[in-house]
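Work through the exercises below with the coordinates open, and attempt each task before reading its solution.

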Amino acid sequence: MDIVAHGLWVGAGAVWLHRHQPVSRRTVGLAIGLTVLPDLVQLLPLVWWVVFRAADGGLLLAYIRGVPGAEPVLEPALAALSHHLHCVMHSGLVAGAVTAVCWAVVGRFWWPLAGWWAHIAIDVLTHSADFYPSPVFYPLTQRGFDGVAWNTPMFMAFNYLMLAAIYGVLLWRRWQH
């Protein structure tokens, strides 16, 4: 799923959750931040490359807009680093280890991590095997699941229509109370 949609889904979930139990703005902000972080982290090497190697900024845009079979060609080391950062940030095993450490330190589940977990769960379902499948069991394997390709026009339209409907219902309920 695209970065914006990840944030919107977690934002909608936070609004719904807040109706049932108090959720601070800080927690919501951190959860939304953690839901967009996995995709931003994998872009860091490419941003560094464009900024410090004076590469064409169009490369970054082509990478972000890439579709299966039409991804831009990257330097091998840059491609490998971006790929492994994608794997790390989309791994349930890595997220599980971070969650366990946070739980040990804080003494309970740290709710902003729900944003990261939501990102992983959504991407498992919305990434096809031929375009950044989510390697949930990385580093044990880099294989991912074959879900629905999020960047097909039909899915994008459906996704944003669903988001619009959900936010419409949330706003309508807010005005009712």
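The exercises that follow concern a predicted model, and each task is followed by a worked solution.

**Exercise 1. Overall fold and dimensions**

Determine how many helices and strands the protein has, and decide whether its radius of gyration agrees or disagrees with that of a compact globule.

Solution. Begin with the secondary structure: the protein contains seven helices and zero strands, so that, under the DSSP assignment used for helices and strands, reading along the sequence gives the pattern α-α-α-α-α-α-α. Next, take the extent of the C-alpha trace, which spans about 55 × 40 × 35 Å along the principal axes. A compact globule of 177 residues would have a radius of gyration near 16 Å, and because the protein has 18 Å, the value agrees with that expectation. Finally, consider burial and contact order: 37% of the 177 residues count as buried, and, among contacts between residues at least 6 apart in sequence, 61% join residues at least 24 apart.

**Exercise 2. The packing of α1 against α7**

Classify the mutual orientation of α1 and α7, and find which residues make the contact.

Solution. The axes of α1 and helix α7, the latter covering residues 153–176, come within 11 Å and cross at roughly 25 degrees. Since angles under 35 degrees count as roughly parallel, α1 and α7 are therefore roughly parallel to each other. The handedness of the crossing of α1 and α7 is left-handed. On the α1 side the contact involves V4, A5, L8, W9, G11, A12, V15 and R19, which meet N159, Y160, M162, L163, I166, Y167, L170 and R173 of α7. Sorted by class, the contact of α1 with α7 comprises twelve nonpolar, two polar and two charged residues.

**Exercise 3. The packing of α1 against α6**

Carry out the corresponding analysis for α1 and α6, stating at what angle they pack and whether the crossing is left-handed or right-handed.

Solution. Helix α1 (residues 3–20) and helix α6 (residues 113–126) pack at an angle of about 120 degrees, and their axes lie 10 Å apart. The helices α1 and α6 are therefore oblique to each other, and α1 passes α6 in a right-handed crossing. The residues in contact are H6, W9 and V10 from α1, together with G115, A118, H119, I122 and D123 from α6. By class, the contact of α1 with α6 has four nonpolar, three polar and one charged residues. W9 of α1 also appears in the contact with α7.

**Exercise 4. A peptide bond in a loop**

Identify which residues a cis peptide bond joins, and locate P139 relative to the helices.

Solution. As background, most peptide bonds are trans. In this model a cis peptide bond joins Y138 and P139, with omega at about 15 degrees, and P139 is placed in the loop between α6 and α7.

**Exercise 5. Accessibility and separation**

For L61 and V169, decide whether each counts as buried, partly exposed or exposed, and then state how far L61 is from P72 and V169 from Q142.

Solution. L61 lies in helix α3, residues 57–64, and counts as partly exposed because its relative accessibility is 41%. In sequence L61 and P72 are eleven residues apart, while their C-alpha atoms are 9.5 Å apart in space. V169, found in helix α7, likewise counts as partly exposed, its relative accessibility being 42%. The C-alpha atoms of V169 and Q142 are separated by 39 Å, these residues being 27 apart along the chain.

Conventions: Residues are numbered from 1 along each chain as its sequence is written. This is a predicted model: local features need pLDDT of at least 70, side-chain atom pairs count only at pLDDT 80 or more; totals for chains, interfaces and linings use all residues. Side-chain values use heavy atoms; hydrogens and water are left out. Axes are lines fitted to C-alpha atoms, for helices over the stretch in contact, and angles run from 0 to 180 degrees between N-to-C directions. Helices (H or I, at least four residues) and strands (E, at least two) are DSSP runs, numbered from the N terminus. Angles under 35 degrees count as roughly parallel, over 145 as roughly antiparallel, 65 to 115 as roughly perpendicular and the rest as oblique. A crossing is left-handed if the near helix is turned anticlockwise from the far one by less than a right angle, and right-handed if clockwise. Contact means heavy atoms within 4.5 Å. Ala, Val, Leu, Ile, Met, Phe, Trp, Tyr, Cys and Pro count as nonpolar, Asp, Glu, Lys and Arg as charged, and the others, Gly among them, as polar. The radius of gyration is taken over C-alpha atoms; the globule rule is 2.2 Å times the number of residues to the power 0.38. Buried means under 20% relative accessible area, exposed over 50%, partly exposed in between (1.4 Å probe, protein chains only).
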